[in-house]
Amino acid sequence: MKVFLISHIADVDGLTPVVLSKLVFEDLDYKLLEASEVSSFMEDALNNNLFDEYDKVFMTDLCVNEIVAERINKLPFKDKFQVLDHHMACLDLNKYSFITVIVEENGIKECGTSLYYKYLLEHYPIKILARESVSYMVSLVRLGDTWEWKKYNKEEARYLTILLDYYGVDKFINNYVDFLLANEKFYFTEVEKTFIDLDNKRMFD
């Protein structure tokens, strides 16, 4: 199965779907975009038949506009597309079968990563997705992205953003793919704890 993922380059919520995808799919290509780049990228991709060779195309923590949604909706293979987003401005796009926008469900605020994780668990339920390390990281991403870490006093959720600054995009993705493959439980390494401590001291000095 050949998969293409489009996700948000700006933060941990946009990068973690890449990590999850690398755990699940052997044949994966991905593109990380700013929200302002989505429309032009999708128009170019559709004009140049970029998605023809893929079995599934995911978009996470981003959404297409109405024009692009209409173009996809007219494609004979529209069912290969799945957009998963949590931004309120995109709620009207739920009318399309391939777009799911959920801001909050059962009193819990969602993020791109949490929606994608649920989708993967339902449609590609491989053993590694059920690992505590994976589910715990997803919960930290959700708490951090929705700012609910303050509500639950879960400082760890904020640490992932600190570590993204430390690692950079590519190293963050590769580090957590390797980590989740190797570990049943989620934890921060001693080196990571040192960097987090230094960042916290700098913030409060």
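In the predicted model, a polar contact of 3.4 Å links the side chain of Thr 100 to the side chain of Gln 82. Thr 100 lies in strand 5, which spans residues 99-101. With a relative accessibility of 25%, Thr 100 is classed as partly exposed, because the buried class is confined to values under 20%. Beyond its neighbours within four places in sequence, Thr 100 contacts Gln 82, Val 83, Leu 84, Asp 85 and Asn 94. Of these, Asp 85 is separated from Thr 100 by 15 residues in sequence, and the two C-alpha atoms are 6.5 Å apart.

Both residues that flank Thr 100 in strand 5 (residues 99-101), Ile 99 and Val 101, belong to a nonpolar core of 26 residues, which also includes Val 38 and Cys 90. This core is separate from the largest one, which comprises 46 residues. In the largest core, Leu 160, Tyr 176 and Phe 188 touch the most other members. Strand 1, helix 1, strand 2, helix 4, helix 5, helix 7 and helix 8 each contribute at least two residues to this core. Apart from residues up to four places away in sequence, Tyr 176 touches Val 19, Met 137, Leu 160, Leu 163, Phe 186, Phe 188 and Glu 192.

Two of the contributing elements, helix 4 and helix 5, pack against each other at an angle of about 150°, with an axis separation of 8 Å. Helix 4 covers residues 112-123 and helix 5 residues 132-145. On the helix 4 side, Thr 113, Ser 114 and Tyr 117 meet Val 134, Ser 135, Val 138, Val 141 and Arg 142 of helix 5. The residues in this contact comprise 4 nonpolar, 3 polar and 1 charged.

How values were computed
Residues numbered from 1 in each chain as written. Predicted model: local features only at pLDDT ≥ 70, side-chain atom pairs only at ≥ 80, totals over all residues. Heavy atoms only, no water. Helix = DSSP H or I, 4+ residues; strand = E, 2+ residues; numbered from the N terminus. Buried < 20%, exposed > 50% of the residue type's maximum accessible area, 1.4 Å probe, protein only. Contact = heavy atoms within 4.5 Å. Polar contact = N/O pair within 3.5 Å; in protein donor to acceptor, adjacent residues only side chain to side chain. Axes fitted to C-alpha atoms, helices over the stretch in contact; angles between N-to-C directions. Nonpolar A, V, L, I, M, F, W, Y, C, P; charged D, E, K, R; others polar. Core = buried A, V, L, I, M, F, W, Y, C linked by side-chain atoms within 4.5 Å.
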